[in-house]
Amino acid sequence: VATDPEPALTQPAEAWLHPSPRLGTMRRVEIVAASVVAAIAVLGVAGLAALAGAANFTVPALLLAVIALAGFLGDRFAQRRVRAWAYLEREDDLLVRRGVMISRLSVIPYGRMQFIDVIAGPIERAFGLATVRMHTAAASSDARIPGLPHEEAARLRDLLARLGEARAAGL
Amino acid sequence: VVERAEVAPWHRLHPLSPVIRAGRVFIGAVIVFAGTLTPGSNESRSGVVTRIVIGVLVIGFGAISWLVTRWRIEGNDLRIETGLIRRNSLRFPLAQIQAIDVVRPVLARVFGLAELRLRMGGATAGHARLAYLNAGEADAVRAQLLALSQGTAPRADQPPENLLLSLPTGRLVASIVIGSPMVTFLVLVAGFGTAALLSPKAAIAILSSSGAIAIGMVTFFWRRLNGGYHLTVAEAHDGLRLRSGLLDTTAETIPSGRVQAVRMVEPLLWRPFGWCRLEVDVAGRQHRGGENSPERQQLRDVLPVGTHEEAQRLLDRILPGAAVARTRPPARARWKAPLRYHYLSWGHNERCAVTTTGRVARVTSWVPLTKVQSLRLVQGPVQRRLRLATIYLDTAGRAVHAAIRDRDAAEARAQLGELTTLSRAARRT
């Protein structure tokens with residue numbers, strides 16, 4: 001990963017915190033589910049075609065192979081993306097690092113955080129995970145950390161809220 | 001509910017407000033009906049009656065909305081209550097005021113009225129509108145609100161303003177004529193001309209169907225002319241004051257320290273004249289709607305057209321100490337940004353960062369480090385191969401996003417750390 005922090009941002013690599021490994025599992029389940037749905041659709045259309053008397057096995061077989069390959073590559077990429085997420089609490093700001101193709105490193109001062117969302121969709125909830133999203137007054141500073149276990153999400157939310165209040169700066 | 005000591009009595013808007021609000025609709029309607037009501041047209045009676053009923057309804061609703069609307073200043077809040085069936089009580093904390101506009105459409109000027117518009121900061125911010133008040137009252141309320149928002153007592157005497165700049169009309173007109181919208185317009189006209197030469201029938205079809213575009217163009221040019229006409233920029237004790245307008249006038253006050261970013265644009269066509277445009281960004285969501293809203297343009301032009309010298313003078317007043325030496329990116333950035341490369345540069349001191357970019361027009365942005373909300377270091381695949389990276393400085397403004405593009409990756413990382421430290425220090429002071 002190209003975003004080794006520069007001297008002023010240097011922290012030992014083990015100081016960075018990562019989303020739960022369950023996030024990787026969750027992404028894998030999502031991709032498998034999407035692939036299965038696509039495969040069922042292909043099989044269904046092929047079955048209808050066979051019923052209509054136009055039996056053709058090469059096209060569906062090719063499509064299924066493509067779906068399997070796309071699912072495999074998608075999963076590899078998703079796993080790398082999950083591993084690339086990292087965050088680090090420093091004295092005055094939070095660092096969030098993410099991205100494989102486009103690597104991003106955000107610096108969000110605690111005093112600039114206006115409010116903090118903890119979001120958990122149905123799939124995330126099933127895995128006991130949540131996403132923490134930090135909002136500043138700037139619409140473009142989009143900082144979120146997905147795949148945090150509930151207790152970690154709650155800890156982060158409370159910590160950020162407390163530090164944000166202590167260091168709040170006006171617009 | 002604990003009422004504060006200084007609770008002012010409720011005020012109402014001016015009784016003529018519904019008339020002026022309906023006025024725009026009315027003028028349009030009159031123009032449309034004028035055609036049908038000419039003598040000789042066999043207008044049916046019921047049609048006329050319908051229109052009269054609609055007119056009465058419009059006035060009636062306006063009157064009701066006036067009756068149920070009231071406002072007052074409660075401590076450090078402006079409170080507006082409105083709505084007949086669903087009462088709506090809006091509370092605007094004055095500490096969050098980003099700018100105050102006194103807007104006067106033509107019709108309101110005829111009656112000596114003005115609208116007061118407060119631009120609020122914050123994530124869920126809206127705009128407080130008081131339409132319409134007496135012109136004199138609007139000025140007094142503006143001064144009072146500004147004083148309250150800055151935590152000072154309103155001053156009875158208005159100290160004289162220090163006039164920084166007034167815009168010559170000739171230059172404004174010239175700048176509108178020489179500009180990319182005008183080029184677009186001429187290209188359209190030329191296209192139409194050739195079409196007319198080739199086949200007159202097609203030309204008529206184009207002409208009849210392009211009415212909306214023509215109206216849009218005229219409105220656009222008109223808004224530019226009106227927005228910059230007789231513009232004066234003055235420095236008052238409570239902030240920067242901008243006044244402009246030919247028919248619809250606006251007087252805007254930007255309290256000092258509310259400027260999130262300043263941007264200077266130098267379009268290609270203006271370069272022979274050495275002109276530029278200076279824009280100021282304040283916080284708050286972009287607001288749509290409202291009659292002839294000047295905030296429809298995302299940024300406020302402090303200087304619609306001016307020389308570099310004037311722009312520099314204004315910049316010194318808006319962001320003191322903004323003049324910084326700039327450095328250029330490494331030459332290999334040419335591969336990443338071939339069109340932008342010759343403009344790219346950036347610099348900073350302990351108070352302010354400045355970046356220059358642009359493909360055709362040169363765009364220079366100044367961001368005071370106290371206003372930086374967050375920083376981002378971004379590296380795309382092409383940039384990684386070229387060992388480049390971009391730093392974004394996010395501000396609460398609506399349009400200016402300062403990006404320090406395509407710097408050497410190691411330098412960018414070092415600068416990210418330094419800018420973080422500097423903006424933290426700037427925030428504390």
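## Sheet and helix in chain A

Helix α4 of chain A (residues 150-166) lies across β4, β5 and β6 of chain A and runs at about 140 degrees to β6(A). Helices (H or I, at least four residues) and strands (E, at least two) are DSSP runs, numbered from the N terminus. Contact means heavy atoms within 4.5 Å. Axes are lines fitted to C-alpha atoms, for helices over the stretch in contact, and angles run from 0 to 180 degrees between N-to-C directions.

The three strands form an open sheet in the order β4-β5-β6 (chain A), with antiparallel pairing; two strands pair if DSSP finds at least two bridges between them. At the edges stand β4 (113-119) and β6 (143-149) of chain A, each paired on one side only. From one strand to the next the twist averages 20 degrees. Strand β5 (residues 129-136) of chain A is joined to β6(A) by 5 bridges, and the two run antiparallel. Within β6(A), A:Pro149 stands opposite A:Leu129.

## Model and confidence

This is a predicted model, in which local features need pLDDT of at least 70 and side-chain atom pairs count only at pLDDT 80 or more, while totals for chains, interfaces and linings use all residues; side-chain values use heavy atoms, with hydrogens and water left out. Residues are numbered from 1 along each chain as its sequence is written, with chains lettered from A and ligands numbered from 1 in the order in which they are written.

The model scores ipTM 0.85 and pTM 0.81. In chain B the mean pLDDT (the predictor's confidence in each residue, from 0 to 100) is 83, and 88% of the residues reach 70 or more. Confidence in chain B is lowest in helix α1 (residues 17-36), at a mean of 71, and highest in helix α11 (residues 381-385), at 94. Residues 1-5 of chain B have pLDDT below 50 and make 3 contacts beyond near neighbours in sequence. The stretch 286-298 of chain B is also below 50, with 28 such contacts.

## Sheet of chain B

In chain B, 7 strands form an open antiparallel sheet in the order β6-β5-β4-β10-β9-β8-β7. Its edge strands are β6 and β7 (162-166) of chain B, each paired on one side only. Neighbouring strands are turned by 15 degrees against each other on average, direction ignored. Strands β4 (residues 97-104) and β5 (residues 113-120) of chain B pair antiparallel over 6 bridges, and B:Ile100 has B:Leu118 in β5(B) as its bridge partner. Helix α4 (residues 135-149) of chain B packs on the sheet, touching β4, β5, β6, β9 (239-244) and β10 (249-254) of chain B, and its direction makes about 175 degrees with that of β4(B).

## Helix pairs of chain B

The axes of α5 (residues 169-177) and α8 (residues 211-228) of chain B come within 10 Å and cross at roughly 155 degrees. α5(B) and α8(B) are therefore roughly antiparallel to each other; angles under 35 degrees count as roughly parallel, over 145 as roughly antiparallel, 65 to 115 as roughly perpendicular and the rest as oblique. In this contact B:Leu172, B:Val173 and B:Ile176 of α5(B) meet B:Phe221, B:Arg224, B:Leu225 and B:Gly228 of α8(B).

For α6 (residues 180-198) and α7 (residues 200-209) of chain B, the axes come within 5 Å and cross at roughly 140 degrees. Residues of α6(B) in this contact include B:Phe192 and B:Leu198, and those of α7(B) include B:Pro200 and B:Ile206.

## Backbone exceptions

Most residues other than glycine have a negative phi, and most peptide bonds are trans. B:His230, in the loop between α8 and β8 (232-236) of chain B, has a positive phi of about 55 degrees. A cis peptide bond, with omega about 0 degrees, joins B:Ala131 and B:Tyr132.
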